[in-house]
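Me: I've got a protein model open and would like to learn how to read its features one at a time. Could you walk me through it?

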Amino acid sequence: MGLLKGLLGARNLLLVILVPLLLLPLLILHPSSEASCAYVLIVTAVYWVSEAVPLGAAALVPAFLYPFFGVLRSSEVAAEYFKNTTLLLVGVICVAAAVEKWNLHKRIALRMVIMAGAKPGMLLLCFMCCTTLLSMWLSNTSTTAMVMPIVEAVLQELVGTEDEQLVAANANTEETEPISLGANNSQPSLELIFVNEDTSTADFTSLMQNKNLNGVPAITNSIQTANPRGKKRRSSREKPLVLTPSPRKQELSRKYPSQHDQMICKCLSLSISYAATIGGLTTIIGTSTSLIFLEHFNNQYPAAEVVNFGTWFLFSFPISLIMLVVSWLWMHWLFLGCNFKETCSLSKKKKTKREELSEKRIQEEYDKLGDISYPEMVTGFFFVLMTVLWFTREPGFVPGWDSFFEKKGYRTDATVSLFLGFLLFLIPAKKPRFGKKDEGEPEEPSLGSEPIITWKDFQKTMPWEIVILVGGGYALASGSKSSGLSTWIGHQMLSLSSLPPWAVSLLACILVSIVTEFVSNPATITIFLPILCSLSETLRINPLYTLIPVTMCISFAVMLPVGNPPNAIVFSYGHCQIKDMVKAGLGVNVIGLVIVTVAINTWGVSLFHLDTFPVWAEVSNITDQA
């Protein structure tokens with residue numbers, strides 16, 4: 001037994017050692033460049049799927065094995081790890097860091113909730129819209145972690161009055177203590193939580209500390225920020241990382257006043273994860289998977305000037321809008337029933353006492369933010385300006401501002417984000433004042449020369465692991481192309497040539513939707529992109545016909561807590577069980593798959609000219625064969 005436990009404890013180390021050794025016959029039996037590249041690809045893929053080593057560390061395997069086997073020179077591999085998309089991500093993270101530091105996202109979220117009121121149906125729609133909007137620009141994980149504490153505080157007011165809280169507190173004397181909503185009379189503060197997107201779910205349990213947030217173990221890092229306006233703001237700037245609770249706490253069932261209240265908690269909690277996924281689809285910077293797709297596509301087809309921020313948004317925004325409405329209807333029907341008239345009424349006369357208390361609580365939290373501060377206004381302006389500049393660079397239907405320059409094609413979306421991000425390091429957080437201060441005017445706290453964001457703020461938000469992971473994917477793709485492995489894989493798939501393009505695309509989407517439930521999204525798309533490119537070129541299908549829907553469907557890992565970090569965060573709050581996630585997530589998955597398939601075969605065809613095999617794909621195919 002002791003030996004077995006020791007082997008299980010060292011299983012990751014054994015996997016790291018045994019996988020390369022077991023694959024050595026491939027190199028011995030087939031001593032070729034294609035076999036060497038396949039060896040590196042399989043080893044890296046196994047490391048990614050099993051997470052025997054961190055994703056970023058596994059992405060470094062091609063950096064030393066490709067030169068070792070003579071697939072690529074070391075300088076060629078190194079060039080793949082830092083691309084244009086990396087610079088785009090750096091600029092976006094600068095703006096995101098400013099948004100998070102000055103609580104602009106919390107102000108937006110609370111304002112939208114106040115507008116919706118406390119009716120369950122409208123509250124559900126409001127939280128989903130708010131989460132979708134934030135997730136367009138912030139990572140899905142950060143958005144979920146920021147919104148969930150607000151949802152939890154609202155639920156505590158929505159499902160229990162003060163009398164119910166006292167009853168729940170008395171119930172704690174029983175032998176088996178249930179986790180009760182609002183067991184304490186004190187109101188919990190709304191903590192902001194930040195987690196790098198695509199952090200492996202297994203990493204959550206390794207960070208448990210003594211601090212407890214709404215019954216969830218958490219680790220906190222204090223971030224000191226100044227208040228330039230001197231208004232009353234939150235005294236605590238702790239930003240805890242929500243972690244998966246211990247198995248014992250997961251087994252305990254929460255106590256709810258009624259079955260209806262339990263359904264409300266399940267519905268609102270799960271909807272946050274789904275809305276974050278929907279919002280991430282909308283923009284090319286919304287998720288790491290879309291960034292990986294963009295850089296791989298531009299690297300594989302440099303002559304294709306088809307996909308940019310504007311064209312992606314035009315294609316994905318209708319998808320996100322339709323998915324948001326249909327998913328809301330699905331969640332409402334599944335957990336709240338079909339009584340939309342009662343749950344979505346905006347009439348003040350029909351509000352219950354609990355709903356009035358909930359609205360009062362939300363208003364109090366919003367009032368704590370004080371008046372909008374100067375840094376918030378600057379950050380909001382830069383946020384809007386960056387979006388406008390992205391849209392107008394190359395809108396497609398009219399000449400963009402890039403056409404004003406003599407040399408075309410030198411400026412990308414990364415140019416805009418980097419320029420604006422750089423300015424945030426220079427603009428002071430204290431509003432500049434000209435002239436003398438009026439008598440009697442309160443003295444504002446001095447911030448010195450502190451800018452809107454500092455380098456420490458940027459470092460805390462920048463997901464460096466994703467940068468290395470993306471670079472490893474580019475290195476694998478480059479090696480597959482130069483060694484001829486991608487061409488060989490494409491020839492093995494000629495049997496699919498009898499299928500129509502829409503069927504090939506649908507099969508690919510179904511396959512990745514299943515795989516991504518158990519494998520991380522970045523690892524899944526990094527493995528599948530080179531294969532799909534070779535398949536499309538071999539079958540003479542526009543590569544975008546398969547790449548775009550597959551990129552979107554990879555994000556639909558919403559059925560299990562291990563699917564992605566947002567799922568783990570929602571699950572850690574204890575409102576829903578795995579069977580609830582599977583049941584609701586299956587519906588959202590099917591909804592997304594159907595809508596994406598319809599979209600790519602309707603307005604996607606005219607937007608990306610998918611009915612023809614493009615010249616830029618012809619050129620790439622000829623280059624690969626050469």
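Reply: Sure. Helices and strands here are DSSP runs, at least four residues for a helix and at least two for a strand, numbered from the N terminus. Keep in mind that this is a predicted model.

Me: How many helices and strands does the protein come to, then?

Reply: The count is 31 helices and 5 strands. The protein has 626 residues, and buried ones make up 56% of them. Its accessible surface is about 27400 Å², with 63% belonging to carbon and sulfur atoms.

Me: What share of the contacts with a separation of 6 or more comes from residues 24 or more positions apart?

Reply: That share is 80%. For a single case, take Thr379 in helix H20, which spans residues 374-393. Thr379 is buried at a relative accessible area of 1%. Leaving out residues up to four places away in sequence, Thr379 touches Val95, Ala98, Val99, Trp102, Leu104 and Ile452. You can also look at C-alpha distances: Leu321 and Thr132 are 189 residues apart along the chain, yet their C-alpha atoms are separated by 9.5 Å. Leu321 sits in helix H17 (residues 309-336) and is partly exposed, at 45%.

Me: Next, cysteines. How many disulfides does a search of the whole structure find?

Reply: A disulfide is a covalent bond between the sulfur atoms of two cysteines. The search finds 0 of them here.

Me: Why is Cys126 not bonded to Cys130?

Reply: Because their sulfurs are 6.2 Å apart, which is too far for a bond, and Cys130 holds the closest cysteine sulfur to that of Cys126. Cys129 is in no disulfide either; its nearest cysteine sulfur, in Cys126, is 7.0 Å away. As for burial, Cys126 is buried at 7%, whereas Cys129 is partly exposed at 27%.

Me: Which side chains meet in salt bridges?

Reply: The general idea is a side-chain nitrogen of Lys or Arg within 4 Å of a carboxyl oxygen of Asp or Glu. The whole structure has 4 such bridges. One joins Glu450 and Lys101, at 3.1 Å from N to O. That pair links distant parts of the chain, 349 residues apart: Glu450 is in the loop between helices H21 and H22, and Lys101 is in helix H8. Glu450 is partly exposed at 22%, while Lys101 is buried at 4%.

Another bridge pairs Glu376 with Arg107, at 2.8 Å. Here helix H20 is linked to helix H9, with the partners 269 residues apart. Both Glu376 and Arg107 are buried.

Then there's Lys266 with Asp580, whose closest N and O atoms are 3.1 Å apart. Lys266 lies in helix H15 and Asp580 in helix H29, so this bridge ties together parts 314 residues apart in sequence. Shared partners also join Lys101, Glu450 and Asp457 into one network.

Me: And the aromatic pairs: how many does the count come to?

Reply: You describe a pair of rings by the distance of the centres and the angle of the planes. The count comes to 18 pairs. Trp401 and Phe405 have ring centres 6.3 Å apart and planes at 70°, so they are edge-to-face. Trp401 is buried at 19%, and Phe405 is partly exposed at 39%. Arg411 lies over the face of Phe405, 4.0 Å from the ring centre. Elsewhere, Phe293, Phe297, Tyr301, Trp312 and Trp616 form one aromatic cluster.

Definitions and conventions:
Residues numbered from 1 in each chain as written. Heavy atoms only, no water. Disulfide = S-S within 2.5 Å. Buried < 20%, exposed > 50% of the residue type's maximum accessible area, 1.4 Å probe, protein only. Contact = heavy atoms within 4.5 Å. Areas by Shrake-Rupley, 256 points an atom, 1.4 Å probe, with all protein chains shown as cover. Phe/Tyr/Trp six-rings, centres within 6.5 Å; stacked < 30°, edge-to-face > 60°. Lys NZ or Arg CZ within 6 Å of the ring centre and 35° of its normal.
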